Amino acid sequence: MVTPPPPPPKKPVARPAYRAAAAKRPEHHISPVTFTLMTAAPAVLAIVALRPR
């Protein structure tokens with residue numbers, strides 16, 4: 001009889017953390033869309049307000 005091959009070695013499993021992970025501080029950055037709108041809106045309003053009639 002042929003014996004089956006031995007099972008492959010098991011990979012180590014990461015242990016659970018004993019302490020909760022420290023909360024990350026949120027990054028305060030402005031989105032590119034918001035930045036574009038905030039910089040373009042005054043120019044658009046000025047063009048509309050100052051156009052010749």
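How far apart are the end C-alpha atoms of helix H1, and what span should its 19 residues have? Keep that in mind while beginning with the whole chain, remembering that this is a predicted model.

Select the entire protein chain and show its secondary structure, which comes to one helix and zero strands. The radius of gyration is 31 Å, whereas the globule rule gives 10 Å for 53 residues, so the chain is more spread out than a compact globule. Turn the C-alpha trace along its principal axes, and it spans about 100 × 35 × 5 Å. If you now add a surface, about 6,300 Å² of the protein chain is exposed, with 69% supplied by carbon and sulfur atoms, and 0% of the 53 residues count as buried.

Next, select residues 32-50, which make up helix H1. At 1.5 Å a residue the helix should span 27 Å, and its end C-alpha atoms are 28 Å apart, which agrees. Within H1, move to Ala40, where there is a kink of about 30 degrees, shortly before the proline Pro42.

Then select Pro32, which also lies in helix H1; with a relative accessible area of 64%, Pro32 is exposed, since exposed means over 50%. Finally, add Pro6 to the selection and draw a C-alpha to C-alpha distance: Pro32 and Pro6 are 26 residues apart in sequence and 57 Å apart in space.

Terms used: Residues numbered from 1 in each chain as written. Predicted model: local features only at pLDDT ≥ 70, side-chain atom pairs only at ≥ 80, totals over all residues. Heavy atoms only, no water. Helix = DSSP H or I, 4+ residues; strand = E, 2+ residues; numbered from the N terminus. Rg over C-alpha atoms; globule rule 2.2 N^0.38 Å. Buried < 20%, exposed > 50% of the residue type's maximum accessible area, 1.4 Å probe, protein only. Areas by Shrake-Rupley, 256 points an atom, 1.4 Å probe, with all protein chains shown as cover. Expected span 1.5 Å × (residues − 1). Bend = angle between axes of the 7 residues up to and from the residue.
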